[in-house]
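Hi everyone, thanks for coming. I'd like to walk you through one protein model today, so please have a look at it on the screen before I start.

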Amino acid sequence: MKARVLIIEDEPDLARLVGMYLEKDGLEAAIAPSAEAARELLSDEAFDLLLLDINLPGMDGFEFLQAFRRTSDLPVIVVSARESDEDIVLGLGIGADEFIVKPVPPRVLVAHVRALLRRVRQIAPEKALISFGPFTLDPEAYLLRRENERIPLSGKEFDILLFLARNVGKAYSPKEIYEAVWGQSFGDLSIVGVYIQRLRKKIEADPAAPLYLETIQGKGYLFSTHNRSEP
């Protein structure tokens, strides 16, 4: 699946140019013209990396980054016209993964994005436990627990839940889920909906009003834990 990059930049022409180069390289890009707008987008959508300017209207990039790091470890590349040693040390010290001084050719910036995404994915804990509400998903032991109780899942149920839980906040069509879980491009896509219904009966307090495995009209299924009451 395409990685999603949030460009936090108040110069619209520059933001659009960077976004165009990212998309040409096979990535998805969204633009926020301020830190406040970025916060709203981040509360509703999932991203894989942030490109952050410092001189923003309202809250500046340093303030945003400091607050962002309290709740997220997503990779952040600061892209700023500020070039003093103090600014670079501050940016890296409060959580930036890289600090790139403007002007920077868009192709070079995209190369930095690609390289950082590769590094993050290589060290991502693929076997790390995934917790949501009272549940814990254990990829290594291949099991789901609700507190100390084991929830029995079939192999495909587990694989679908794991795939969606590892991509929280992203909607996937039945075809995309089928390709990811079954490893095939063609097949009976309706089976995906059957497995989703089975999973909902096992993890949702009310399968008709799911908190975790949502249906997004026209897009597919999405795993969500944002601002939800626990069952």
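**Strands, cores and a pocket**

Let's begin with a single pair: A171 has L222 as its bridge partner, and L222 sits in β12. Keep in mind as we go that this is a predicted model.

That pair belongs to a bigger pattern. Strand β10, residues 171-172, is joined to strand β12, residues 220-223, by two bridges, and these strands run antiparallel. Now look at the other partner of β12. Strand β11, residues 213-216, also runs antiparallel to β12, with four bridges between them. One of the pairs here is L213 with F223 of β12.

How many residues lie between the strands in the hairpin of β11 and β12? There are three, and in this hairpin G218 takes a positive phi near 80°.

Okay, on to the inside. The largest nonpolar core has 26 residues, and the ones that touch the most other members are L161, L164 and I177. Which elements give two or more residues to this core? They are β6 (130-132), β7 (135-138), α6 (155-165), α7 (174-182), α8 (190-203) and our friend β12. The top contributor is α6, with seven residues.

Let's zoom in on L161. Leaving out residues up to four places away in sequence, L161 touches F132, L137, L144, L153, L199, I203, L213 and F223. You've met two of those already: L213 and F223 are the bridge partners from a minute ago.

There is also a second, separate core, and this one has 21 residues, including F47, L50, M59 and V78.

V78 is a handy link to my next residue, E98. You'll find E98 in strand β5, residues 98-101. Is E98 buried or exposed? With a relative accessible area of 13%, E98 falls under the 20% cut-off, so it counts as buried. Its contacts, again not counting residues up to four places away in sequence, are V76, I77, V78, L92, H112, L116 and R119.

Stay with β5 for a second and follow the chain onward. P103 is in the loop between β5 and α5 (106-123). The peptide bond that joins K102 and P103 is cis, with omega at about -5°.

Here's another buried residue: A67, in helix α3, residues 61-68. The relative accessible area of A67 is 16%. Now compare sequence and space: A67 and G95 are 28 residues apart along the chain, and their C-alpha atoms are 10.0 Å apart.

For contrast, try E147, in the loop between β8 (143-146) and β9 (149-151). E147 has a relative accessible area of 60%, which is over 50%, so we call it exposed. Its phi is near 55°, a positive value in a residue other than glycine.

Last stop: a pocket. If you're wondering how anyone finds one, rolling a probe the size of a water molecule over the atoms shows where empty space is left. The second largest pocket has a volume of about 360 Å³. It is lined by 15 residues, and the closest to its centre are R4, E28, G169, K170 and A171. So we end up back at A171, the residue paired with L222.

What classes of residue make up the lining of the second largest pocket? Eight are charged, six are nonpolar and one is polar.

That's my tour, and I'm happy to take questions.

Methods. Residues are numbered from 1 along each chain as its sequence is written. This is a predicted model: local features need pLDDT of at least 70, side-chain atom pairs count only at pLDDT 80 or more; totals for chains, interfaces and linings use all residues. Side-chain values use heavy atoms; hydrogens and water are left out. Two strands pair if DSSP finds at least two bridges between them. A nonpolar core is a set of buried Ala, Val, Leu, Ile, Met, Phe, Trp, Tyr and Cys residues joined through side-chain atoms within 4.5 Å. Buried means under 20% relative accessible area, exposed over 50%, partly exposed in between (1.4 Å probe, protein chains only). Contact means heavy atoms within 4.5 Å. On a 1 Å grid over the protein atoms alone, a cavity is a set of points where a 1.4 Å probe fits but cannot get out, and a pocket is an open set with protein on both sides within 12 Å along at least five of seven lines; lining residues have an atom within 4 Å of a point. Grid points are joined across faces, edges and corners, and a volume is the space filled by probe spheres set on the points. Ala, Val, Leu, Ile, Met, Phe, Trp, Tyr, Cys and Pro count as nonpolar, Asp, Glu, Lys and Arg as charged, and the others, Gly among them, as polar.
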